[in-house]
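Here's a quick walk through a model, written for someone who likes to have the geometry to hand. Have the viewer open and follow along.

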Amino acid sequence: MKRHRILFALAALLLAGGWYVKAEADDPLVVQLCDGKTTTTVDKSAPKTKESGQKIAADLMAQWQRAHPEANWIATEREKHSIVEPADNKNVIGRTQGQSYGQVTERDVLNWQRETLAMAVHGSTVFHSGDELGSQIAVSCDMCHPDAANTHAETYPKFQPQLGRVALLRDMINWCIEHPVRGVKLEPDSPKMRALEAYIMAQRKGTAMNYGAR
Ligand code: HEC
């Protein structure tokens, strides 16, 4: 009699365990941030790619940043200096972009916009800082170009007599780093140069391109 009861209890336990494991497999996966509070849900059956990982991280960080505005360098820089917003691409939500990406989601569009704005904001921090530009004389670009005025990004490429050749915007940025700023020339592909170019272009949003114009 006793043995029956033990066997019955064991069977019940196994059944409940199996049911629990199955239920867990159907639930979405909840991923928690290092703060132990912020969470996001992930579809367990979706393929795990670098992109899907980046989306999870971006979603968690976006929530965390909303909750910690003081830790948000982007917001801080934007309060100090006006930075033009990138285009809003909501019109492409739901469109397919070829086999490898699938459908564009609202989250995709928000991520693209946030990343693009972040690059321009990074450029703004460099543009406004003699230290970031490596200036020996504490001069930064904004001292003569407030909000990137008169940088005329839309006129590049164009012939620049002081360089003796056709200049791209980055060539002119480097010329200005060397000359009024007395800073350290940047590699064309360096993160600072890319960010400076992004910021200067961003500030000319809406201006018609007219390369070569003086
Ligand atoms: C001391 C003042 C001063 C500083 C500092 C300065 N610029 Fe300039 N910048 C000028 C002036 C003046 C011109 C116009 C020169 C001309 O007409 O050829 C100019 C021209 C330019 C141009 C070309 C504009 C055009 O019409 O094609 C760019 C781009 C530019 N600066 C970017 C920068 C950047 C980036 C920095 C910082 C790394 C910087 N400048 C720092 C004064 C300054």
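## Helix 5 against helix 6

Let's start with a helix pair. The axes of helix 5 and helix 6 cross at roughly 110 degrees and come within 10 Å. That puts helix 5 roughly perpendicular to helix 6, because angles of 65 to 115 degrees fall in that class. Bear in mind that this is a predicted model.

Who does the touching? On the helix 5 side you'll find Leu-169, Arg-170 and Ile-173, and they meet Met-193, Leu-196, Glu-197 and Ile-200 in helix 6. Sorted by class, this contact has 5 nonpolar residues, no polar ones and 2 charged ones.

The loop between helix 5 and helix 6 is where Asp-189 sits. Asp-189 counts as exposed because it has 8 C-beta neighbours inside 10 Å, and the cut-off for exposed is 12 or fewer. Asp-189 and Arg-170 are 19 residues apart along the chain, and their C-alpha atoms are separated by 9.6 Å.

## The chain as a whole

Zooming out, the chain holds 6 helices and 4 strands. Read from the N terminus, the order of elements is α-β-β-α-α-α-β-β-α-α.

How much of the chain is buried? Of its 214 residues, 15% are buried. As for contacts between residues at least 6 apart in sequence, 54% of them join residues at least 24 apart.

## Helix 4 and its two partners

A pair of helices is described by the angle between their axes and the distance between those axes. For helix 4 and helix 6 (residues 191–203), the angle is about 100 degrees and the axes are 7 Å apart. So helix 4 is roughly perpendicular to helix 6. From helix 4 the contact takes in Met-119, Ala-120, His-122, Gly-123, Ser-124, Val-126 and Phe-127, while helix 6 brings Lys-192, Ala-195, Leu-196, Ala-198, Tyr-199, Ile-200 and Ala-202. The tally for the helix 4 and helix 6 contact is 10 nonpolar, 3 polar and 1 charged.

Helix 3 (residues 73–80) also packs on helix 4, at an angle of about 60 degrees and with the axes 10 Å apart. Helix 3 and helix 4 are therefore oblique to each other, and the crossing of helix 3 with helix 4 is left-handed. Here Ile-74, Glu-77 and Arg-78 from helix 3 meet Ala-118, Val-121, Ser-124 and Thr-125 from helix 4. By class, the residues of this contact split into 3 nonpolar, 2 polar and 2 charged. Ser-124 is worth a click, since it is listed in the contact with helix 3 and in the contact with helix 6.

## Backbone oddities after helix 4

The loop between helix 4 (106–127) and strand 3 (158–160) is home to Pro-157. The peptide bond that leads from Tyr-156 into Pro-157 is cis, with omega near -5 degrees.

Which residues here have a positive phi without being glycine? One is Asp-147, with phi of about 55 degrees, and another is Asn-150, at about 60 degrees. Asp-147 lies in the loop between helix 4 and strand 3, and so does Asn-150. Asp-147 counts as partly exposed because it has 15 C-beta neighbours inside 10 Å. Asn-150, with 8 other C-beta atoms within 10 Å, is exposed.

## Val-139 and its neighbours

Val-139 is found in the loop between helix 4 and strand 3. With 17 C-beta neighbours inside 10 Å, Val-139 counts as partly exposed. Leaving out residues up to four places away in sequence, Val-139 touches Gly-130, Pro-180, Val-181 and Arg-182. Val-139 and Val-181 are 42 residues apart along the chain, yet their C-alpha atoms are separated by 5.2 Å.

## Around the ligand

Which residues come nearest to the ligand? Of the 17 around it, they are Cys-141, Cys-144, His-152, Cys-176 and Pro-180. Pro-180 is also among the residues that Val-139 touches.

Helix 5 (residues 169–178) gives the most to this shell, with 4 residues. By class, the shell around the ligand has 12 nonpolar residues, 5 polar ones and no charged ones.

Technical notes. Residues numbered from 1 in each chain as written. Predicted model: local features only at pLDDT ≥ 70, side-chain atom pairs only at ≥ 80, totals over all residues. Near = placed C-beta within 6 Å. Helix = DSSP H or I, 4+ residues; strand = E, 2+ residues; numbered from the N terminus. Nonpolar A, V, L, I, M, F, W, Y, C, P; charged D, E, K, R; others polar. Buried ≥ 20, exposed ≤ 12 C-beta atoms within 10 Å, placed from the backbone. Axes fitted to C-alpha atoms, helices over the stretch in contact; angles between N-to-C directions. Parallel < 35°, antiparallel > 145°, perpendicular 65-115°, else oblique. Left-handed = near helix turned anticlockwise from the far one by under 90°. Contact = placed C-beta atoms within 7 Å.
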